[in-house]
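Biologist: I would like to learn how to read a model like this one. Could you walk me through it?

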Amino acid sequence: DRILPSPLWWSYLSAPHRLAATAMPLSKDDVSGIETVAHYTHDEDQAYLMLYGEGVFETIPIEADYTVGDMKLWLNFHKGKDPAEYDLVGPKGCWKMGAGSEVLGDEVVISEVMGERFENKWLMQLSLFPKKKSEASGQWESTFETIEEWVPPPPEEAWDEEDDDEEKWKKDVEKSEADN
């Protein structure tokens with residue numbers, strides 16, 4: 001007869017605040033087995049992360065202890081991306097509507113910055129931003145500028161009657177295409 005720990009013990013171990021202390025970097029063997037999914041659909045049992053930018057547009061399954069560094073290893077193994085040449089950008093602090101964006105360090109645990117998006121298994125995204133090589137130092141430097149928190153306007157201020165003007169929209173699209 002084995003006595004199993006209470007469910008509270010397991011929830012404590014899996015709580016996001018514990019993950020940073022217990023996260024183990026993935027190995028090349030680990031990332032070699034992480035395959036992309038063709039079409040994302042909500043899955044109550046599995047969290048998915050979209051990696052987007054710099055010629056990459058992939059969605060992969062992730063676990064609670066995966067770090068930004070693990071994603072860079074995945075990108076290097078599967079896409080040949082040199083981590084020195086790009087930043088991975090995600091929510092500033094913890095995800096919420098209008099949280100802002102910042103470059104995430106390799107040690108950042110994705111589930112911690114995604115918060116409820118990870119907990120609810122909603123599709124998450126990290127964006128690849130290119131770095132540029134400094135002519136003076138030869139070092140790769142970030143091109144991303146942190147975006148501070150913003151609050152969307154209330155619905156009554158975010159829409160006006162001109163938004164329903166399809167003819168005006170078509171003209172704006174034509175003008176935009178002609179300018180490009």
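Modeller: Happily; we will go from the whole chain to one helix and then to a patch on the surface. Keep in mind that this is a predicted model.

Biologist: How many helices and strands does the chain have?

Modeller: There are eight helices and six strands. Read from the N terminus, the elements run α-α-α-β-β-α-β-β-α-α-β-β-α-α. Of the contacts with a separation of 6 or more, 59% join residues 24 or more positions apart.

Biologist: What share of the 180 residues is buried?

Modeller: Buried residues make up 28% of the chain, where buried means under 20% relative accessible area.

Biologist: Now helix 4: how far apart are its end C-alpha atoms?

Modeller: They are 16 Å apart, which agrees with the expected span because the 12 residues of helix 4 (residues 68-79), at 1.5 Å a residue, should span 16 Å. After helix 4 comes Gly80, with a positive phi near 70 degrees.

Biologist: Which residues of helix 4 are buried, and what covers them?

Modeller: The buried ones are Val68, Asp70, Met71, Lys72, Trp74 and Leu75. Their cover includes helix 3 (28-32), strand 1 (47-53), strand 2 (56-62), strand 3 (86-91), helix 5 (110-114) and strand 5 (124-133).

Biologist: And the surface: which residues form a nonpolar patch there?

Modeller: Met97, Ile147 and Trp150 do, with about 340 Å² of accessible area together. Met97 sits in the loop between strand 3 and strand 4 (101-103).

Biologist: Why does Met97 count as exposed?

Modeller: Because its relative accessible area is 59%, and exposed means over 50%.

Technical notes:
Residues numbered from 1 in each chain as written. Predicted model: local features only at pLDDT ≥ 70, side-chain atom pairs only at ≥ 80, totals over all residues. Heavy atoms only, no water. Helix = DSSP H or I, 4+ residues; strand = E, 2+ residues; numbered from the N terminus. Expected span 1.5 Å × (residues − 1). Buried < 20%, exposed > 50% of the residue type's maximum accessible area, 1.4 Å probe, protein only. Contact = heavy atoms within 4.5 Å. Patch = residues over 30% accessible without salt bridge, like charges linked within 9 Å, V, L, I, M, F, W, Y side chains within 5 Å. Areas by Shrake-Rupley, 256 points an atom, 1.4 Å probe, with all protein chains shown as cover. Salt bridge = Lys/Arg side-chain N within 4 Å of Asp/Glu carboxyl O.
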